[in-house]
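Please examine the sequence and the three-dimensional model shown here before reading on. The explanation is meant to be followed with the structure in view.

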Amino acid sequence: MTSVAAQVLRRLWERDETLAVAESLTGGLVAAELTGVPGASRCFRGSVTAYATVLKRDVLGVDAALLAERGAVDPDVAVAMAAGVRRALGADWGISTTGVAGPEPQDGKPVGTVFVAVSGPGGEQKVVELRLNGERADIRRESVRSLLELLSGELAENARAQDTEQNGGN
């Protein structure tokens, strides 16, 4: 995974952009993966581990009505967390994880239901639903990998869009 984290950080550094992370079920594993890369401080702003639902609301600005209606394990909550950490930590990009690592279901969602999301500087927002199998540690580890892959893809797509704009749409 470190290679994906290193690739993401290198792209951000080359673009002079920053990253912030909001984590729930991963409990800091995404931040640990990123900070395991030498030089991460050049573009990694920090993270918020909002394990409790109230922190998603109070720290990350996730709408209380959304949380009350759907619970914390929801695609719109994941997007709001990514956008919220981006704002809270003053980063260009925000990413997030929310889901059920087990052993019990949560908010009516089965174990292995995970949402990972990205919020970018140009208003880009993307969320992916994962249906993961395995033990708690496996689900958390795969959530980290999937989130970093999602961000990597969004950075590549964003760079292609910028190149197209700069070249007059050709």
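The paragraphs below treat the strands, the nonpolar cores, two individual residues and a pocket in turn.

The coordinates belong to a predicted model, and every value given here was computed from it. A convenient place to begin is strand β1, which spans residues 19–23. Five of the five residues of β1 are buried. The burial applies to both faces of the strand: L19, V21 and E23 lie on one side, A20 and A22 on the other, and all are buried. The neighbouring partner is strand β2, residues 44–49, which runs parallel to β1 and is joined to it by five bridges. Within this pairing, A20 of β1 stands opposite G46 of β2.

From β1 one may pass to the interior. General experience offers a frame for this step: in soluble globular proteins, nonpolar side chains tend to be buried together. In this model the largest nonpolar core has 30 residues, and the members that touch the most others are L19, V30, L34, I95 and L151. Two or more residues each are contributed by α1 (2–15), β1, α2 (29–35), β3, β4 (113–119) and α6 (136–166). Helix α6 supplies the largest share, seven residues. The surroundings of L19 show how distant parts of the sequence meet here. Beyond its neighbours within four places in sequence, L19 is in contact with V8 and L12, with L34, with C43, F44, R45 and G46, with A91, W93 and I95, and with L151. A second core, separate from this one, has 14 residues, among them A50, V62, A72 and V77.

V77 also provides a route to L66, a residue of helix α4, which covers residues 64–70. L66 counts as buried because its relative accessibility is 14%, below the 20% cut-off. The C-alpha atoms of L66 and V77 are 7.4 Å apart, although 11 residues separate the two in sequence. With neighbours within four places in sequence set aside, the contacts of L66 are G71, D74, D76 and V77.

Strand β4 leads to another part of the model. β4 pairs in the antiparallel sense with strand β5, residues 125–131, over seven bridges. A117 stands opposite V127 of β5. The two strands form a hairpin with five residues between them, and in the turn G123 has a positive phi of about 90°. V116 is also placed in β4. V116 counts as buried because its relative accessibility is 1%. Between V116 and I95, 21 residues apart in sequence, the C-alpha to C-alpha separation is 7.4 Å. Outside the window of four places in sequence, V116 is in contact with S96 and T97, with K126, V127, V128 and L130, and with S143, L147 and L150. Of these contacts, K126, V127, V128 and L130 fall within the residue range of β5, while S143, L147 and L150 fall within that of α6.

The remaining feature is the largest pocket, which holds about 180 Å³ of space. Its lining comprises 16 residues, and those closest to the centre are Y51, G99, V100, A101 and Q106. Two elements give two or more residues to this lining: α3 (53–58) and β3 (93–99). By class, the lining residues divide into seven nonpolar, six polar and three charged. Strand β3 thus appears in two settings, giving two or more residues to the pocket lining and two or more to the largest nonpolar core.

Methods: Residues are numbered from 1 along each chain as its sequence is written. This is a predicted model: local features need pLDDT of at least 70, side-chain atom pairs count only at pLDDT 80 or more; totals for chains, interfaces and linings use all residues. Side-chain values use heavy atoms; hydrogens and water are left out. On a 1 Å grid over the protein atoms alone, a cavity is a set of points where a 1.4 Å probe fits but cannot get out, and a pocket is an open set with protein on both sides within 12 Å along at least five of seven lines; lining residues have an atom within 4 Å of a point. Grid points are joined across faces, edges and corners, and a volume is the space filled by probe spheres set on the points. Helices (H or I, at least four residues) and strands (E, at least two) are DSSP runs, numbered from the N terminus. Ala, Val, Leu, Ile, Met, Phe, Trp, Tyr, Cys and Pro count as nonpolar, Asp, Glu, Lys and Arg as charged, and the others, Gly among them, as polar. A nonpolar core is a set of buried Ala, Val, Leu, Ile, Met, Phe, Trp, Tyr and Cys residues joined through side-chain atoms within 4.5 Å. Buried means under 20% relative accessible area, exposed over 50%, partly exposed in between (1.4 Å probe, protein chains only). Contact means heavy atoms within 4.5 Å. Two strands pair if DSSP finds at least two bridges between them.
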